[in-house]
Amino acid sequence: MMGLPSLHTLDQAQGVRIWLATEKTDMRCGFDRLAERVKAVIGEDPLSGHWFVFRSRRGDRLKILLWDGDGFVLWYKRLEAGVFKLPRVEEGSRSVQLRASELAMILDGIDMAKLKRVPRYAGEKGTGRSKTGNREQEEKIMN
């Protein structure tokens with residue numbers, strides 16, 4: 001049985017993004033039809049290596065399409081009871097980008113609509129201090 005990579009692996013992957021199509025998808029769609037939906041609904045290249053998540057009309061099934069370099073991989077999950085709880089999206093939005101942790105929560109049955117993300121420091125590009133910069137500050141303090 002092939003499983004999904006760990007969150008750590010996904011988070012460390014350079015340039016891999018996860019896209020959720022917010023429109024309901026016919027789960028009879030296979031590789032080619034889902035690849036067409038990636039272009040039409042999400043507006044991305046299905047051969048990009050990104051992950052594309054599609055949900056069923058009832059919300060009890062998910063398909064994940066990805067290109068692994070020499071062919072498509074299709075991962076499919078059907079719940080025996082309940083539905084997948086998806087994040088809230090803006091009205092009219094056809095797709096939303098997910099973090100690996102958000103996808104894991106969806107697959108584990110966590111209701112993302114009830115979660116509240118707390119503010120975190122994001123930093124600004126180029127504001128990180130170099131070791132030399134820290135040494136200069138230390139010298140000023142000592143003098």
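How much surface does the protein expose, and what share of it do carbon and sulfur atoms supply? The protein exposes about 10,300 Å², and 48% of this area comes from carbon and sulfur atoms.

**Figure 1. Overview of the predicted model.** The structure shown is a predicted model. The protein contains four helices and five strands. Read from the N terminus, the order of elements is α-β-α-β-β-β-β-α-α. The protein has 143 residues, and 31% of them count as buried. Among contacts with a separation of 6 or more, 55% are between residues 24 or more positions apart.

**Figure 2. Strand β1 and its two partners, β2 and β5.** Five of the seven residues of β1 are buried, and the strand is mostly covered. β1 and β2 run parallel and are joined by four bridges. In this pairing, Ile18 stands opposite Trp51 of β2. The connection from β1 to β2 passes through helix α2 (residues 31–42), giving a right-handed β-α-β crossover. With strand β5 (residues 95–98), β1 runs antiparallel, again through four bridges. Here Ala21 stands opposite Ser95 of β5.

**Figure 3. The largest nonpolar core.** This core has 15 residues. Those with the most contacts inside it are Ile18, Trp51, Val53, Leu62, Ile64, Leu103 and Ile106. Two or more residues come from each of β1 (18–24), β2 (51–55), β3 (61–67) and α3. Helix α3 gives the most, with four residues. Another core, of twelve residues, lies apart from this one; its members include Trp19, Ala21, Val38 and Leu65.

**Figure 4. Helix α3 and the residue that follows the helix.** Helix α3 covers residues 100–108. Its buried residues are Ala100, Glu102, Leu103, Ala104, Ile106 and Leu107. An α-helix has 3.6 residues a turn, so residues three or four places apart point the same way. Two of the buried residues of α3, Leu103 and Ile106, are also among those with the most contacts inside the largest nonpolar core. After α3 comes Gly109, which has a positive phi, near 90°.

**Figure 5. The salt bridge between Glu44 and Arg17.** A search of the whole structure finds seven salt bridges. In the one shown here, the closest N and O atoms of Glu44 and Arg17 are 3.8 Å apart. The partners are 27 residues apart in the chain: Glu44 is in the loop between α2 and β2, and Arg17 is in the loop between α1 (7–12) and β1. Arg17 has a relative accessible area of 31% and is therefore partly exposed.

**Figure 6. The salt bridge between Arg94 and Glu23.** The two side chains meet with an N to O distance of 3.0 Å. This pair links distant parts of the chain, with Arg94 in the loop between β4 (72–78) and β5 and Glu23 in strand β1, 71 residues apart. Arg94 is partly exposed, with a relative accessible area of 38%. Glu23 is also partly exposed, at 30%.

**Figure 7. The salt bridge between Asp60 and Arg58, and a network of other residues.** The closest N and O atoms of Asp60 and Arg58 are 3.9 Å apart. Asp60 counts as buried because its relative accessibility is 12%, under the 20% limit. Arg58, by contrast, is exposed, with a relative accessible area of 60%. Elsewhere, Glu23, Arg37 and Arg94 are joined into one network by salt bridges that share partners.

**Figure 8. Surroundings of Arg37 in helix α2.** Arg37 lies in helix α2. Is Arg37 buried or exposed? Its relative accessibility is 19%, so Arg37 counts as buried, the limit being under 20%. Leaving out residues up to four places away in sequence, Arg37 touches Glu23, Lys24, Thr25, Ile42 and Phe54. Of these, Glu23 also belongs with Arg37 and Arg94 to one salt-bridge network.

Terms used:
Residues are numbered from 1 along each chain as its sequence is written. This is a predicted model: local features need pLDDT of at least 70, side-chain atom pairs count only at pLDDT 80 or more; totals for chains, interfaces and linings use all residues. Side-chain values use heavy atoms; hydrogens and water are left out. Buried means under 20% relative accessible area, exposed over 50%, partly exposed in between (1.4 Å probe, protein chains only). Contact means heavy atoms within 4.5 Å. Accessible areas come from the Shrake-Rupley method with a 1.4 Å probe; for residues, only the protein chains shown count as cover. A nonpolar core is a set of buried Ala, Val, Leu, Ile, Met, Phe, Trp, Tyr and Cys residues joined through side-chain atoms within 4.5 Å. Two strands pair if DSSP finds at least two bridges between them. A crossover is right-handed if, with the strands pointing away from the viewer, the path from the first strand over the helix to the second runs clockwise. A salt bridge is a side-chain nitrogen of Lys or Arg within 4 Å of a carboxyl oxygen of Asp or Glu.
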